[in-house]
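Please walk through the structure shown here, taking the aromatic rings before the metal site.

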Amino acid sequence: MSKEKDWREKLFYEQKNGYDLIDADESKLVYAYAEGYKRFMDEARMEREAVRLGIQMAEEQGFQAYEPGMQLKAGDKVYLNNRGKSLILAVIGTEPLSEGAVIAGAHVDSPRLDLKQMPVYEDTEMAYFRTHYYGGIKKYQWVTIPLELHGVVALKNGDVLDVCIGNKPEDPQFVITDLLPHLAADQMKKTMAEGIKGEGLNILIGSVPYADEGKDRVKLAILSLLYDDYGITEEDFLSAELTAVPAFQSRDIGFDRSMIGAYGHDDRVCAYAELRAILDVKKPRRTAVCILADKEEIGSEGVSGMKSRAFDTFMEDLCEQQGVALRRCYEKSFCLSADVCNAYDPIYPEVSEKRSEAKINYGLGICKFTGARGKGGTSDASAEVVAHVRKLFAASGVIWQMCELGKVDQGGGGTIAKFMANRNIDTIDAGVPVLSMHAPFEVVSKLDCWMTYKGVLAAYQE
Ligand code: MN
Ligand code: MN
């Protein structure tokens with residue numbers, strides 16, 4: 001009997017709930033870490049704000065803005081602010097970059113509703129903003145929830161105005177209306193994809209008419225308020241980047257407060273883990289690099305996305321100082337593509353293969369591959385890379401789990417992993433399991449957040 005038990009223990013791979021593996025001291029760390037993360041989330045609602053806050057946190061820990069030509073030595077801490085929309089931080093290692101760098105890359109953009117460039121209109125004496133949604137959303141989730149407005153207006157004279165309305169208690173908020181059930185018989189027969197249309201995601205912004213006799217009096221009244229507050233006219237929206245995000249503060253979820261509900265866990269939960277890890281890393285052997293990327297939700301395109309040469313230029317600068325060819329650095333580098341994965345949801349068991357889906361409280365989720373339909377579009381980390389993380393995490397007490405996104409042929413998704421791997425960098429996906437991913441209010445487990453931080457730190461410390 002006991003021999004059989006030994007045999008089972010030796011041969012079976014069985015995962016355990018993280019709370020059965022950590023002690024009371026670590027449990028305190030889990031909950032304390034979550035407090036810092038919630039504060040970060042309430043301030044960083046879009047990529048520009050995450051970059052700004054990231055820089056502030058980094059400077060407090062002695063990081064300096066990188067300037068080309070700056071002479072760097074082991075232990076030096078620098079950051080590169082890429083147009084205010086993505087951020088790269090590095091701590092120079094004691095070994096040269098010919099030994100490669102250890103990179104963690106997360107993204108700080110999240111699904112949301114961007115304003116169109118000609119957004120303001122009036123109908124039936126109510127004023128609205130027209131939107132064009134950003135990233136993969138279920139449109140029906142974005143009506144009848146409070147919204148905040150964030151972003152910038154870039155003026156012809158070169159000034160850039162920051163906009164942030166709705167997250168202070170005294171601020172007004174905004175909303176997209178929906179049909180009352182009494183008149184929704186036809187709407188309710190439509191599919192969930194069609195019940196709310198993209199061109200119907202129009203945000204209510206005002207209702208009091210301007211005191212004159214002309215037309216569009218409410219629109220005029222709203223524009224006059226904006227002129228008073230910001231000095232902008234309707235034309236200035238042409239060069240604005242304004243976005244409506246859910247006006248939900250992050251909150252503990254559950255009687256046991258074991259989870260966090262917030263807007264934009266994908267992927268600021270991993271970005272925060274990386275950021276904390278690079279701020280905490282001490283004298284790394286190989287240069288530690290942390291990326292907060294933009295545009296992942298729309299394919300990592302553009303100057304601030306992970307396909308951009310901005311990352312290569314920065315790394316090449318660091319390499320050149322040491323007389324190392326960038327390609328030699330890349331081929332020896334290792335990258336954790338830190339992005340969220342799906343958490344198994346027992347309310348929707350039909351889309352998941354339970355053995356392969358990440359579970360809440362089972363730790364950092366590692367995806368060997370992502371993609372869709374026969375692994376299409378994934379970089380698929382090698383067995384050797386997986387073995388490397390097994391060793392790394394075992395040595396550092398990181399609780400982790402292997403996972404996939406849904407059943408075979410059920411759907412799929414991607415991350416920045418393939419863009420890093422295409423650079424000839426060994427890359428694997430690692431991140432926090434999320435319930436209701438891409439919804440206005442997503443849920444993660446505090447234990448998994450902490451283990452993601454620990455995992456990235458373990459990679460940096462090797
Ligand atoms: Mn993501
Ligand atoms: Mn996403």
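Rings of Phe, Tyr and Trp (its six-membered ring) are taken to pair if their centres lie within 6.5 Å; planes under 30 degrees apart make a pair stacked, over 60 edge-to-face, and the rest tilted. By this rule the count comes to 13 aromatic pairs in what is a predicted model.

One of these pairs is formed by Tyr-33 and Tyr-272, with 5.4 Å from centre to centre and 55° between the planes, and it is tilted. The two rings come from distant parts of the chain: Tyr-33 belongs to helix α2 (residues 24–43) and Tyr-272 to helix α6 (residues 265–280), 239 residues apart. Tyr-33 and Tyr-272 are both buried.

A second example is Tyr-66 with Phe-314, where the ring centres are 5.4 Å apart and the planes stand at 90°, so this pair is edge-to-face. Tyr-66 is in the loop between β1 (64–65) and β2 (77–82), while Phe-314 is in helix α7, so the contact ties together parts that are 248 residues apart in sequence. Again, Tyr-66 and Phe-314 are buried.

Ring pairs also build a cluster, which links Tyr-33, Tyr-37, Phe-40, Tyr-272, Trp-450 and Tyr-453.

Some rings have a charged group over them. The charged end of Arg-112 sits over the ring of Tyr-134, 3.9 Å from its centre. Arg-130, in turn, lies over the face of Tyr-121, at 4.4 Å from the ring centre.

The metal site comes next. Which residues coordinate the manganese ion (ligand 2)? The donors come from Asp-266 (OD), Glu-297 (OE, listed twice) and His-438 (NE2), at 2.1 to 2.6 Å. Along the sequence, these donor residues follow the spacing D-x30-E-x140-H. Asp-266 bridges this manganese ion (ligand 2) and the manganese ion (ligand 1), and the two ions lie 3.4 Å apart. Glu-297 sits in the loop between β13 (287–293) and α7 (310–321), and His-438 in the loop between β21 (433–435) and β22 (442–445), so this pair ties together parts that are 141 residues apart in sequence. Glu-297 and His-438 are both buried.

Last, consider Lys-283, which is found in the loop between α6 and β13. Is Lys-283 buried or exposed? Its relative accessibility is 70%, and the cut-off for exposed is over 50%, so Lys-283 counts as exposed. From C-alpha to C-alpha, Lys-283 and Gly-455 are 17 Å apart in space, and in sequence they are 172 residues apart.

Terms used:
Residues numbered from 1 in each chain as written. Chains lettered and ligands numbered in written order. Predicted model: local features only at pLDDT ≥ 70, side-chain atom pairs only at ≥ 80, totals over all residues. Heavy atoms only, no water. Donors = N, O, S within 2.8 Å, 3.2 Å for Na, K, Ca; no water. Helix = DSSP H or I, 4+ residues; strand = E, 2+ residues; numbered from the N terminus. Buried < 20%, exposed > 50% of the residue type's maximum accessible area, 1.4 Å probe, protein only. Lys NZ or Arg CZ within 6 Å of the ring centre and 35° of its normal.
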